[in-house]
Amino acid sequence: MRVAVAHEWLVRYAGSERCVEEMLVAFPGAQLVTTVVEPSAVPHSLAGAKPSFLQRLPGSRTHHEWFLPLMPLAWRTTRVSGELDAVISSSHACAKAVRAENGVPHLCYCYTPMRYAWDFRAEHQRFPAPLRPAARAGMAWFRSWDRRTAERVDRFVAISRAVAERVRRFYGREAEVVHPPVNTEYFTPGGERGDEFLYVGRLVSYKRADLVVRAFAGLPHRLVVVGQGHLAERLQATATDNVRFVGAAYDNELRELYRSARALVYPADEDFGIVMAEAQACGTPVVAAAAGGALDIVRPGETGWLVNGGDVDELRRAIVRAAAEELDTAAIRANAVRFSRERFRVELRDAVERLVAARG
């Protein structure tokens, strides 16, 4: 099929960029457009994306978030060209506003409706205090614009049931669910299970690493923290002796940590939460918040435990339970295989083919 893919920006390599990589595998030869690309930060397959005029503005590749007010204009002036069967927008902010020729069906693979606009109370810390009133007014405009651009999408596909519910609530649209791809061929069980618990994620407020560190205070169990972020120094200063920080980890190091961990502890409310699926692919159970993507990933009592993510005492009780109980490694692994890369390609191709067929 002749397809174009539009992605927000390509300035780092994280979960959504991995999805775009798999989209290009599913649709060989697809056009790729974006607002800003930093070729040194992404794989070769993504580095050749066609950027918008923002690429020429100083600072856009290192501080793309400063240019959010210009994103609607960037997408208004970004058009995909040629004979196309479909357009796929890979969107968590503005990419679904990409312009295509009239009659070309548009599928939006939605990581979440624009979080800054729809959940500003949770996101206001991204803005300096003096700018928050102006940002709040700007986000009101963005909500209206975001809803209007949603009307140009023919079909929404969400990364989890939680995101599908937001699409319904904010846009009044239904969305089927196609979970993001997980490299289950690489993340596999192996070696011996140890007794250390594991946290993997950026050390920023919404990831709730602080809650995990607090939960291990007074426990006899050990915790390994993988990740970097602005909270790193504060967390290290307040952590007890049974908490060890290792900073960043490459995939080979991360796989060994997953394989040897007693359980992954991850209380963040995530849109999906790929680290939970990676850990389970290694046969490792997960202690997670009963919210967001964890509801799709963790099967309570079979592949992990779900808790009230904001309650440190409940999290501590779940950690004690995870230390005492043995779950079936093979069952945990089998649960994670549902999120394989090949499954993602098949389901996404099917969704696009059904859209094209429906449009005749």
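Select R61 and E38 to begin: their side chains meet in a salt bridge, with 3.9 Å from N to O. A salt bridge here is a side-chain nitrogen of Lys or Arg within 4 Å of a carboxyl oxygen of Asp or Glu. R61 lies in the loop between α2 (44-47) and α3, and E38 in the loop between β2 (31-33) and α2, so the pair ties together parts that are 23 residues apart in sequence. The helices (H or I, at least four residues) and strands (E, at least two) named on this tour are DSSP runs, numbered from the N terminus. R61 is partly exposed, at 39% relative accessible area, whereas E38 counts as buried at 18%. Buried means under 20% relative accessible area, exposed means over 50%, and partly exposed lies in between (1.4 Å probe, protein chains only).

The model is a predicted one, in which local features need pLDDT of at least 70 and side-chain atom pairs count only at pLDDT 80 or more, while totals for chains, interfaces and linings use all residues. Residues are numbered from 1 along each chain as its sequence is written, and side-chain values use heavy atoms, with hydrogens and water left out.

**The whole chain**

Zoom out to the full chain. Its secondary structure comes to 15 helices and 12 strands. Along the principal axes, the C-alpha atoms fill a box of roughly 60 × 50 × 40 Å. The radius of gyration, taken over C-alpha atoms, is compared with a globule rule of 2.2 Å times the number of residues to the power 0.38. For 360 residues, a compact globule would have a value near 21 Å, and the 21 Å of the chain agrees with this. Buried residues account for 52% of the 360 residues.

**Further salt bridges**

The count of salt bridges in the model comes to 25. Select R208 next, which lies in the loop between β7 (196-200) and α8 (209-215). Inspect its backbone: R208 has a positive phi of about 60°, although it is not a glycine. The side chain of R208 meets that of D210 in a salt bridge of 3.3 Å, N to O. R208 is partly exposed, with a relative accessible area of 25%, and D210 is also partly exposed, at 24%.

Move on to R321 and E325, which form a salt bridge whose closest N and O atoms are 2.6 Å apart. R321 counts as partly exposed at 43% relative accessibility, and E325 is partly exposed at 29%. Then select E22, E185, R341, E342, R345 and R349 together: salt bridges that share partners join these residues into one network.

**Surface patches**

Turn to the surface and select R76, R79, R148 and R152, which form a positive patch. Patches are made of residues with over 30% relative accessible area and no salt bridge; like charges are joined within 9 Å, and nonpolar side chains (Val, Leu, Ile, Met, Phe, Trp, Tyr) within 5 Å. For charges, Lys and Arg count as positive and Asp and Glu as negative, while His and the chain ends are not counted. The place of a charge is taken as NZ of Lys, CZ of Arg, CG of Asp or CD of Glu. Within this patch, R152 lies in the loop between α6 (132-150) and β5 (155-158), and R152 is partly exposed at 36% relative accessible area.

Now select L57, L70 and L73, which form a nonpolar patch on the surface with about 210 Å² of accessible area together. Accessible areas come from the Shrake-Rupley method with a 1.4 Å probe; for residues, only the protein chains shown count as cover. L73 sits in helix α3 (residues 71-76) and is partly exposed, with a relative accessible area of 43%.

**Buried positions**

Three buried residues complete the tour, each paired with a residue elsewhere in the sequence.

- Select C94, in the loop between β3 (86-91) and β4 (106-110). C94 counts as buried at 0% relative accessibility. The C-alpha atoms of C94 and E8 are separated by 6.5 Å, although the two residues are 86 residues apart along the chain.
- Select T303, in the loop between α12 (294-297) and β12 (304-307). T303 counts as buried at 2% relative accessibility. T303 and N335 are 32 residues apart in sequence and 7.6 Å apart in space, C-alpha to C-alpha.
- Select I319, in helix α13 (residues 312-324). I319 counts as buried at 0% relative accessibility. From I319 to L264 the C-alpha separation is 9.6 Å, with their positions 55 residues apart in sequence.
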